[in-house]
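Here are my notes from a pass through this one, in no strict order. Have the viewer open while you read.

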Amino acid sequence: MAETAVYPGSFDPVTNGHLDIIERSAKVFNKVVVAVLHNRNKEPLFSVDERLTMLRESVENIPNVEIDSFNGLLIDYVRQKQAKTIIRGLRAVSDFEYELQAASINRKLDPEIETFFMMTNNQYSYLSSSIVKEVAKYEADVKELVPTPVTAYLYEKYGPFSGE
Ligand code: ADP
């Protein structure tokens, strides 16, 4: 087994697509650090603390996963964690260009750190945090889209889902 890997993202909020990537990478790496990025340009729905709490509650049963947050350059954070691997998920061709650019610049900044891509599980290929927020905003059911603990947090922001 390889050592520590960092899975960075906004996780605003964590979805079943993210959770699938976390579960699968936890089988490959000794330790997976899921890292919530501060200071994003886009205005998040959930604060960093809320996102951390939702992640913690969602991965409770996976012992080798750590939940953390970071500021600044990803490469600096990965070094600080003494990790050698960054994990990213790929859903569609539309993810590719941005991910190629990010992986290339990260390799230029530190050639010792590799980016590993994991293909989405087909059943989650349509799933993103933005889609979840859109569905929740109109009070539709998000039960199949996010880990169970997250539904309550969406409920708090947007009110009850019809059919609940
Ligand atoms: P970012 O804003 O950094 O893209 P996200 O929280 O949206 O952060 O996503 C974090 C990572 O998870 C990215 O690599 C993204 O491609 C991946 N990801 C998001 N949704 C899915 C999904 N449904 N299946 C697989 N990977 C996903």
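1. A cut-off to start with: buried means under 20% relative accessible area, exposed means over 50%, and partly exposed is what falls in between. By that rule S58, at 10% relative accessibility, counts as buried. Keep in mind throughout that this is a predicted model.

2. Staying with S58: this residue lies in helix α2. Which residues does S58 touch, leaving aside its neighbours within four places in sequence? The list is V14, L19, P147, P149 and V150. K84, on the other hand, is 26 residues from S58 in sequence and 25 Å from it in space, C-alpha to C-alpha.

3. P149 deserves a look from the other side. It is found in helix α6 and counts as partly exposed, at 24% relative accessibility. Along the chain P149 and S58 are 91 residues apart, yet their C-alpha atoms are separated by 6.3 Å. Setting aside neighbours within four places in sequence, P149 is in contact with E57 and S58.

4. Now the helix pair behind those contacts. Helix α2 (residues 48-58) packs against helix α6 (residues 148-158) at an angle of about 150°, and the axes are 8 Å apart. Angles over 145 degrees count as roughly antiparallel, so α2 is roughly antiparallel to α6. On the α2 side the contact is made by E50, T53, M54, E57 and S58, and on the α6 side by P149, V150, Y153 and K157. By class, that contact has 4 nonpolar, 2 polar and 3 charged residues.

5. On to the hydrophobic interior. How many residues are in the largest nonpolar core? It has 34, and the ones with the most contacts inside it are Y7, I22, V34, L55, V65 and L154. The elements giving two or more residues to this core are the strands β1 (2-9), β2 (29-37) and β3 (65-70), along with the helices α1 (16-26), α2, α5 (129-137) and α6. So the two helices of point 4 both turn up in that list. There is also a second, separate core of 12 residues, with L37, Y77, A83 and I86 among them.

6. Aromatics: the structure holds 3 aromatic pairs. In one of them, Y7 and F11 sit edge-to-face, 5.2 Å centre to centre with 75° between the planes. Another is F70 with Y77, and here the rings are stacked, at 4.8 Å centre to centre and 25° between the planes. Y7 and F11 are both buried, and both F70 and Y77 are buried too.

7. The loop between β1 and α1 is where I'd check the backbone. Some background: most residues other than glycine have a negative phi, and most peptide bonds are trans. F11 is in this loop and has a positive phi of about 50°, although it is not a glycine. Is F11 buried or exposed? It is buried, with a relative accessible area of 2%. In the same stretch of backbone, a cis peptide bond joins D12 and P13, with omega about 0°, and P13 has its place in the loop between β1 and α1.

8. Q82 is another residue to check for phi. The value is near 55°, positive in a residue other than glycine. Q82 is placed in the loop between α3 (74-80) and β4 (85-90). At 70% relative accessibility, Q82 counts as exposed, whereas F11 is buried.

9. Y124 lies in the loop between β5 (114-119) and α5. Despite the loop setting, Y124 is buried, with a relative accessible area of 16%. Not counting residues up to four places away in sequence, Y124 touches N16, G17 and D20. P111 is 13 residues from Y124 along the chain, and their C-alpha atoms are separated by 31 Å.

10. Last, S94. Its place is in helix α4 (residues 93-109), and it is exposed, with a relative accessible area of 63%. S94 and V36 are 58 residues apart in sequence and 22 Å apart in space, C-alpha to C-alpha.

Technical notes. Residues are numbered from 1 along each chain as its sequence is written. This is a predicted model: local features need pLDDT of at least 70, side-chain atom pairs count only at pLDDT 80 or more; totals for chains, interfaces and linings use all residues. Side-chain values use heavy atoms; hydrogens and water are left out. Axes are lines fitted to C-alpha atoms, for helices over the stretch in contact, and angles run from 0 to 180 degrees between N-to-C directions. Helices (H or I, at least four residues) and strands (E, at least two) are DSSP runs, numbered from the N terminus. Angles under 35 degrees count as roughly parallel, over 145 as roughly antiparallel, 65 to 115 as roughly perpendicular and the rest as oblique. Contact means heavy atoms within 4.5 Å. Ala, Val, Leu, Ile, Met, Phe, Trp, Tyr, Cys and Pro count as nonpolar, Asp, Glu, Lys and Arg as charged, and the others, Gly among them, as polar. Rings of Phe, Tyr and Trp (its six-membered ring) pair if their centres lie within 6.5 Å; planes under 30 degrees apart count as stacked, over 60 as edge-to-face and the rest as tilted. Buried means under 20% relative accessible area, exposed over 50%, partly exposed in between (1.4 Å probe, protein chains only). A nonpolar core is a set of buried Ala, Val, Leu, Ile, Met, Phe, Trp, Tyr and Cys residues joined through side-chain atoms within 4.5 Å.
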